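Subject: Structure for your review

Dear colleague,

Please find below the structure I would like to hand over to you. My notes on what was found in it follow directly after.

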Amino acid sequence: MKEPRPYQLEAWSAIHAAVARGVKRMLCVSWPGTGKTHMGAQLREKLGVKRMLILGSGREILQQWKDEIEEVDPDASVAIEQGDIRDATSDHDVVIGSIPTLCKPWRRHKLSRPYDLVQVDEADLSYAQTW
C-alpha cells in the first residue's frame, strides 16, 4: 500500500476528530493528484464501516474508485452501477455509481439497503439541479 503523505495524515486526524465529535457530514478538499480517492478508499476500514456508497460522475472516475478500493481492501465486494454497467446488488460491500443512474427508480430499489458511509466525488457538482 502507498505510504501516506503528511497532509493525508493531517486529513485523517481531522476526520477522526470530527467523527469523535459526532460530525456526520464533512468535506475533504484538495488539489487534483493529491490522493483524495486513495484516502476515500481507506475510509471503510479506518472508520470500521461495512457498507459504503460512492457517488461520482464518469466511467473513468468510477473505475478509479473501484481500482483503489480493490487495492486497499482486496476482500471487499465492489461493484459499479452506471449506464449499461449493472453489476451492483444490495449484497455488495461497496457500490460505486453515478447520480443520474442511481436516481432511476428501479435502480434505487435494487440498492435500497442502508449504507454506513456515503462519499461524493466531485461534491462541487452536487449543487446542480440534476442531483
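A salt bridge is counted here when a side-chain nitrogen of Lys or Arg lies within 4 Å of a carboxyl oxygen of Asp or Glu. By that criterion, a search of the whole structure returns five salt bridges. Please bear in mind that the model is a predicted one.

Overall architecture

The chain contains five helices and five strands, and their order along the sequence is α-α-β-α-β-β-β-α-α-β. A compact globule of 131 residues would be expected to have a radius of gyration near 14 Å, and the chain agrees because its own value is 14 Å. Along the principal axes, the C-alpha atoms occupy a box of roughly 40 × 35 × 30 Å. Of the 131 residues, 40% are buried. When contacts between residues at least 6 apart in sequence are considered, 61% of them join residues at least 24 apart. The exposed surface of the chain comes to about 8200 Å², and carbon and sulfur atoms supply 54% of that area.

Salt bridges

Three of the pairs are described here, among the five found. In one of them, Asp73 is paired with Arg44, with the closest N and O atoms 2.6 Å apart. This pair links distant parts of the chain: Asp73 belongs to the loop between α3 (59-72) and β2 (78-82), while Arg44 is in helix α2, and the two are 29 residues apart. Asp73 counts as buried because its relative accessibility is 19%, where the cut-off for burial is under 20%. Arg44 is buried as well, with a relative accessible area of 10%.

Another salt bridge joins Lys50 to Asp93, again with closest N and O atoms that are 2.6 Å apart. This pair also links distant parts of the chain, since Lys50 sits in the loop between α2 and β1 and Asp93 in the loop between β3 (85-86) and β4 (94-98), 43 residues apart. Asp93 has a relative accessible area of 9% and is therefore buried.

The salt bridge between the side chains of Glu70 and Lys66 has an N to O distance of 2.6 Å. Both residues lie in helix α3, four residues apart, which corresponds to about one turn of the helix. Glu70 is partly exposed, at 32% relative accessible area, whereas Lys66 counts as buried, at 18% relative accessibility.

A buried arginine without a salt bridge

I would also draw your attention to Arg51, in the loop between α2 (36-47) and β1 (52-56). Side chains of opposite charge can pair when their charged atoms come close. Arg51, however, is buried and has no salt bridge; the nearest side chain of opposite charge is that of Asp116, at 6.0 Å.

Which backbone oxygens, then, lie by a polar atom of the side chain of Arg51? The backbone oxygen of His92 is 2.6 Å from such an atom, and that of Pro114 is 3.0 Å from one. Leaving aside residues up to four places away in sequence, Arg51 touches Ser90, Asp91, His92, Asp93, Arg113, Pro114, Tyr115, Asp116 and Leu117. Asp93, listed among these contacts of Arg51, is also the salt-bridge partner of Lys50.

With kind regards

Definitions and conventions
Residues numbered from 1 in each chain as written. Predicted model: local features only at pLDDT ≥ 70, side-chain atom pairs only at ≥ 80, totals over all residues. Heavy atoms only, no water. Buried < 20%, exposed > 50% of the residue type's maximum accessible area, 1.4 Å probe, protein only. Lys, Arg positive; Asp, Glu negative; His and termini not counted. Polar contact = N/O pair within 3.5 Å; in protein donor to acceptor, adjacent residues only side chain to side chain. Contact = heavy atoms within 4.5 Å. Rg over C-alpha atoms; globule rule 2.2 N^0.38 Å. Areas by Shrake-Rupley, 256 points an atom, 1.4 Å probe, with all protein chains shown as cover.
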